[in-house]
Amino acid sequence: MKTYRYICISLIALIFSSCSESLLNTIPKDRLASELFWKTEQDAEYAVNGIYSILGGQWRYTCMDGYTDIAHFVLQWRDESTIEKNTHNASSNVAASEWSYYYTIIAAVNSFLENIDLVEDIDGTLKSRLVAEAKTLRAFSFINLVMLYGDVPLITATLTIDDAKAVTRDSASSIWDFIAQELTAAADDLPVEQSQHGRVTKGVALGLKARAMLYSGRYQDARTAAKAVIDLNAYKLHDSYPELFDYAADGVSEIMFARQYAQNINAHSIFAFYTPNSLYTQQCQLVPTKPLVDAYLMKTTGLPIDNPNSGFDPKNPYKDRDPRLGYTIFVTGDQLPDGNTLNTLPGSGTGDDITISAENVTPTGWYFKKYVSFSDYSNPWNCGVSLAYLRYAEVLLTYAEACIELGGASIDASVTDAINQIRNRADVKMPAVTTTDQAELREIVRRERMVELACEGLRLYDIRRWKICEAVIPGTVKGMTYEGTGGSLATVELSGYVKEFNPSRNYLWPIPFNEITLNPNLSQNPGY
């Protein structure tokens with residue numbers, strides 16, 4: 001039972017409340033926190049629970065892929081669309097929100113670490129564990145900050161307003177050093193398993209370290225950390241891919257770290273966020289694009305669809321494809337949660353016909369299926385499916401990629417084994433990878449990350465660190481190819497919606513305008 005997510009956090013909200021939306025979310029030395037709180041072990045546990053409660057929900061989690069090549073925001077007037085098109089500036093609400101969100105978590109952790117010693121009667125092992133949990137959540141925040149903004153302030157103590165006005169940006173390299181040290185130390189004090197499901201563990205700390213080191217290009221460290229997770233023998237791939245994104249994932253060991261939810265108590269609305277228009281009108285926010293759908297290989301041959309020997313039939317484009325395509329995306333012909341059949345084809349006359357005038361109808365011909373639990377159909381605003389931040393499948397792919405980038409003797413049977421474990425999932429069963437060529441393996445592992453981890457918010461960081469954004473982002477949004485009049489094929493294209501990408505500017509988001517206005521010591525990223 002996910003005990004901690006039911007705890008009342010009103011006191012925690014007060015303790016960790018921010019006195020300002022800016023200035024790195026400074027936290028006041030509140031009298032309630034020092035005089036009425038921090039007295040018992042339970043207070044300390046409640047405080048850490050409060051940090052978990054800040055973790056971002058469905059909107060933040062699902063939006064991240066919309067800023068890449070594999071998804072598109074349906075509502076073009078939203079600020080998210082300016083990020084998708086890379087026409088944003090330093091006044092972007094999205095950039096400001098992400099900055100504030102992660103520094104809110106960091107401020108809460110810093111406050112916890114400064115107050116935990118006030119609890120005099122606390123078991124030493126419990127104290128070490130809670131400190132390690134908090135530091136892991138702080139490291140998680142810094143990983144995201146560096147990937148979004150580059151050099152950022154490394155804040156490890158509670159700030160006053162005057163303190164916050166004087167901070168400067170620390171180098172990304174120094175923050176990667178800090179993250180590595182923090183997660184290494186945290187792993188030493190965390191158990192392999194927690195009695196309360198949902199808390200971070202030794203494997204989570206090591207898995208996040210592997211992610212961070214991969215992102216920073218420290219491949220040997222990434223390989224070592226990922227191998228340490230594998231050697232724990234605490235995790236395994238789940239037999240069913242779609243169950244990982246439904247209620248059946250509760251307690252599955254592959255889900256290493258997730259934002260916990262519960263219907264009627266702490267719910268989200270991811271069903272509504274992805275829902276086909278024919279189910280609930282004016283709700284859908286994000287849809288898949290052609291690069292993602294085209295990335296799924298042919299199942300029989302294991303070849304890309306643009307390979308003439310793949311067996312791909314453009315007039316029957318979803319036949320014999322990697323099963324993860326069908327688990328991730330609703331395509332025409334799929335059964336919907338209401339029992340009807342999806343039909344997005346022009347002239348179909350359904351609520352999902354891409355030619356009808358309704359702003360929340362998919363403009364690409366597809367909808368996302370991942371995390372759309374059919375059991376949530378009757379109340380799409382009361383979803384309790386937990387959202388995965390880290391899966392064992394990612395750890396395996398991190399291990400494989402790190403070895404591939406190291407090259408030489410590091411490319412051994414363990415690399416193809418890691419990839420093939422994922423491809424050989426019981427309900428996927430894609431052909432095994434056998435090549436040992438570095439360039440071929442690099443392409444394979446990058447494709448695997450794209451299709452295996454779609455809708456999990458990691459694509460933006462991948463294409464940034466691979467430095468391929470200028471190759472995959474610019475241009476119009478494209479969707480399904482269908483058989484038109486006379487048997488000719490037509491491909492959906494949003495000709496009036498053009499994405500840009502300036503490599504001298506768009507590999508980083510801007511430091512929020514308000515932050516620089518309040519603290520001139522913060523320099524701006526190039527191009528903003």
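Tutor: pLDDT is the predictor's confidence in each residue, from 0 to 100, and contact means heavy atoms within 4.5 Å. This is a predicted model, in which local features need pLDDT of at least 70 and side-chain atom pairs count only at pLDDT 80 or more, while totals for chains, interfaces and linings use all residues. Residues are numbered from 1 along each chain as its sequence is written, and side-chain values use heavy atoms, with hydrogens and water left out.

Student: Over residues 1-20, where does pLDDT stay on its scale, and how many contacts beyond four places in sequence does the model have there?

Tutor: Over residues 1-20 pLDDT stays under 50, and the model has 51 such contacts for them; residues 28-32 also stay under 50, with nine contacts beyond four places in sequence. For the protein chain, the mean pLDDT is 93, and 94% of the residues reach 70 or more.

Student: Why is the protein chain called as compact as a globular protein of its length?

Tutor: The radius of gyration, taken over C-alpha atoms, is set against the globule rule, 2.2 Å times the number of residues to the power 0.38. For 528 residues the rule gives 24 Å and the protein chain has 23 Å, which is close, so the chain is as compact as a globular protein of that length.

Student: What share of the 528 residues is buried, and what makes a residue count as such?

Tutor: Buried means under 20% relative accessible area, with exposed over 50% and partly exposed in between (1.4 Å probe, protein chains only); by that criterion, buried residues make up 56% of the 528 in the protein chain.
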